[in-house]
Amino acid sequence: MTLAARIAFEASQVAGLVRAVARERWRGLTGEAEADLLQQLIEAETRRETALRACLAAQAGEREARRERDAHATHAYAVGNDLAAALGRLRAVEQERDEARAELARLTTPRPIEEAPKDGTWIVGLWPEIPDAVPVIACWTNGEWRDETGETFNATHFLPLPVKP
């Protein structure tokens, strides 16, 4: 039996007993019979009250469960937003990392001397095919590569000099 049906049943029992007590009093019934009817009335009212309390407790439990579900849903939504923001930050960091790797590769991978700037910018001249060759700091001057002493040389590759901090 559902709580609502139980409450309705107990209420009808109480109402029936109240009518019975009133009827017996009207007939002039007193003493033990009246006490017995009143005892039944008290017991029925106690059962009805117990059923009401159980119903209220069940409703309170349902409200609490609903609040808890709502709190979980709100928390899950907030966590989802936090995860989306973290994923966005992660993608930005990965983009920065990839850009830094590309710049590092550009600065550390020897390139053909034909790609070197010929505007007076100093470079590091290299000969990768000669294992013991010493790199030379040089720039393009008067149509040829010259080191800092002014001597000409013919490097096959170059690296840009790092920018001063």
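1. Start with a yardstick: a residue is called buried under 20% relative accessible area, exposed over 50%, and partly exposed in between. Arg97 has 37% relative accessibility, so it counts as partly exposed. Keep in mind that you're looking at a predicted model.

2. Arg97 has a partner right beside it in the numbering. It forms a salt bridge with Asp98, and their closest N and O atoms are 2.9 Å apart. Asp98 is partly exposed as well, because its relative accessible area is 39%. In total, the structure holds five salt bridges, and I'll pick out two others below.

3. Have a look at helix α2, which runs over residues 32–108. Which residue does Glu103 form a salt bridge with? The partner is Arg106, with 2.7 Å between the closest N and O atoms. Both residues sit in α2, three residues apart, or about one turn of the helix. Glu103 comes out at 34% relative accessibility, so it is partly exposed; Arg106, with a relative accessible area of 36%, is partly exposed too.

4. Now move on to the strands. β3 covers residues 136–141 and pairs with β4 in the antiparallel sense, over four bridges. One of the pairings to find on screen is Cys139, whose bridge partner in β4 is Arg146. The two strands make a hairpin with two residues between them. In that turn, check Asn142: its phi is positive, about 50°.

5. How do the side chains of β4 (residues 144–147) point? They alternate: Trp145 and Asp147 are on one face and buried, whereas Glu144 and Arg146 are on the other and are not. That fits the general pattern, since side chains in a regular strand alternate between the two faces of the sheet.

6. The unburied face of β4 has its own salt bridge, as the side chains of Glu144 and Arg146 meet at 2.4 Å, N to O. Glu144 has a relative accessible area of 30%, so it is partly exposed. Arg146 is at 22% relative accessibility and therefore also counts as partly exposed.

7. Trp145, on the buried face of β4, takes us to the largest nonpolar core. This core has ten residues: Ile113, Ala116, Ile123, Trp127, Val136, Ala138, Trp145, Phe153, Ala155 and Phe158. More broadly, nonpolar side chains in soluble globular proteins tend to be buried together.

8. Finally, click on Phe158, one of those core residues. Leaving out residues up to four places away in sequence, Phe158 touches a whole list of others, including Thr109, Pro110, Arg111, Pro112 and Glu115. Its contacts also include the core members Ile113, Ala116 and Ile123.

Definitions and conventions: Residues are numbered from 1 along each chain as its sequence is written. This is a predicted model: local features need pLDDT of at least 70, side-chain atom pairs count only at pLDDT 80 or more; totals for chains, interfaces and linings use all residues. Side-chain values use heavy atoms; hydrogens and water are left out. Buried means under 20% relative accessible area, exposed over 50%, partly exposed in between (1.4 Å probe, protein chains only). Two strands pair if DSSP finds at least two bridges between them. A nonpolar core is a set of buried Ala, Val, Leu, Ile, Met, Phe, Trp, Tyr and Cys residues joined through side-chain atoms within 4.5 Å. Contact means heavy atoms within 4.5 Å. A salt bridge is a side-chain nitrogen of Lys or Arg within 4 Å of a carboxyl oxygen of Asp or Glu.
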